[in-house]
Amino acid sequence: LKRHAFSKWKYRHVDVFICPSEFMARKMGEARAYPDKMHVLRHFVDLADTPTKSAPGGEVLLAGRLVSEKAVDTAIRAIALVPGDTRLHIAGDGPVRADMEALAAGVAPGRVVFHGRLPKDELHALLRGS
């Protein structure tokens, strides 16, 4: 069987695929991956009223559940390579937090701040400064 034919068979019982953006839905359509079942459901966080920064630079923010699939370790290793004293702020919690804190202490001491889960207003304040 061709790969595409196998995929059609494997997911034939799936009624709907959800994409968080028009971009992703378009890419899935280009790949001919079930265009008739693809639906866009935008991310539930509305940042329309969050002003953007007027100047480049500043801190870096990673917000989300701390799980291995999110590659938080990659962000921590990357901030260690950024010249200067730019810090990575991590908002969120999860099963790999302790491991990520240990990694940050080893590869980027003093450059990673773990905030845990934050209320919406505090998260948006961090976002505006990043």
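Is R87 buried, partly exposed or exposed, and at what relative accessibility? In this predicted model, R87 counts as partly exposed because its relative accessibility is 34%, a value that lies between the limits of 20% for buried and 50% for exposed. The report returns to this residue after describing the fold around it.

## Overall architecture

The secondary structure of the protein chain consists of five helices and five strands, and, read from the N terminus, these elements follow one another in the order α-β-α-β-β-α-β-α-β-α. Of the 130 residues in the chain, 25% count as buried, while the surface that the chain exposes comes to about 9300 Å², with carbon and sulfur atoms supplying 58% of that area.

Among the contacts in the chain with a separation of 6 or more, 65% are accounted for by residues that are 24 or more positions apart.

## Strands β3, β4 and β5

Strand β4, which covers residues 88-91, pairs with β3 in the parallel sense over four bridges, and within this pairing L61 has H89 of β4 as its bridge partner. Four bridges also join β4 to strand β5, residues 112-116, and these two strands again run parallel; here I90 stands opposite F114 of β5. The chain passes from β4 to β5 by way of helix α4, residues 97-107, in a β-α-β crossover that is right-handed. A right-handed β-α-β unit is likewise made by β3, helix α3 (residues 72-81) and β4.

In a regular strand the side chains alternate between the two faces of the sheet. In β4, L88 and I90 point one way whereas H89 and A91 point the other way, and all of these residues are buried.

## Helix α3 and its buried face

Helix α3 contains the buried residues V72, I76 and I79. Viewed down the axis of α3, its buried residues fall within an arc of 65 degrees, so they line one face of the helix. The elements against which the buried residues of α3 pack are β3, β4, α4 and β5.

The helix also holds a charged pair, in which R77 forms a salt bridge with D73 and the closest N and O atoms are 3.1 Å apart. Because R77 and D73 are four residues apart in helix α3, about one helical turn separates them. Both partners fall in the intermediate class of accessibility, since R77 counts as partly exposed at 44% relative accessibility and D73 is partly exposed with a relative accessible area of 26%.

## Salt bridges elsewhere in the chain

Side chains of opposite charge can pair when their charged atoms come close. With a nitrogen-to-oxygen cut-off of 4 Å, the count in this model comes to five salt bridges. One of them is formed by the side chains of R87 and E59, which meet at 2.9 Å, N to O. Since R87 lies in the loop between α3 and β4 and E59 in the loop between β2 and β3, the pair ties together parts that are 28 residues apart in sequence. E59 is partly exposed, with a relative accessible area of 23%, and R87, as noted at the start, is partly exposed at 34%.

A further salt bridge links R97 with D93, the closest N and O atoms lying 3.7 Å apart; D93 counts as partly exposed at 39% relative accessibility. Through salt bridges that share partners, D93, R97 and E101 are joined into one network.

## Surroundings of R97 and P56

R97 lies in helix α4, and, leaving aside its neighbours within four places in sequence, R97 is in contact with L66, G92, F114 and G116. Of these contacts, L66 is 31 residues from R97 along the chain, and the C-alpha atoms of the two residues are separated by 6.0 Å. F114, another residue in contact with R97, is the residue of β5 that stands opposite I90.

P56 is found in the loop between β2 (38-40) and β3 (60-63), and P56 is exposed, with a relative accessible area of 83%. P56 and S130 are 74 residues apart in sequence, and their C-alpha atoms are 9.2 Å apart in space.

Methods. Residues are numbered from 1 along each chain as its sequence is written. This is a predicted model: local features need pLDDT of at least 70, side-chain atom pairs count only at pLDDT 80 or more; totals for chains, interfaces and linings use all residues. Side-chain values use heavy atoms; hydrogens and water are left out. Buried means under 20% relative accessible area, exposed over 50%, partly exposed in between (1.4 Å probe, protein chains only). Contact means heavy atoms within 4.5 Å. Accessible areas come from the Shrake-Rupley method with a 1.4 Å probe; for residues, only the protein chains shown count as cover. Two strands pair if DSSP finds at least two bridges between them. A crossover is right-handed if, with the strands pointing away from the viewer, the path from the first strand over the helix to the second runs clockwise. The arc is that of the directions from the helix axis to the C-beta atoms.
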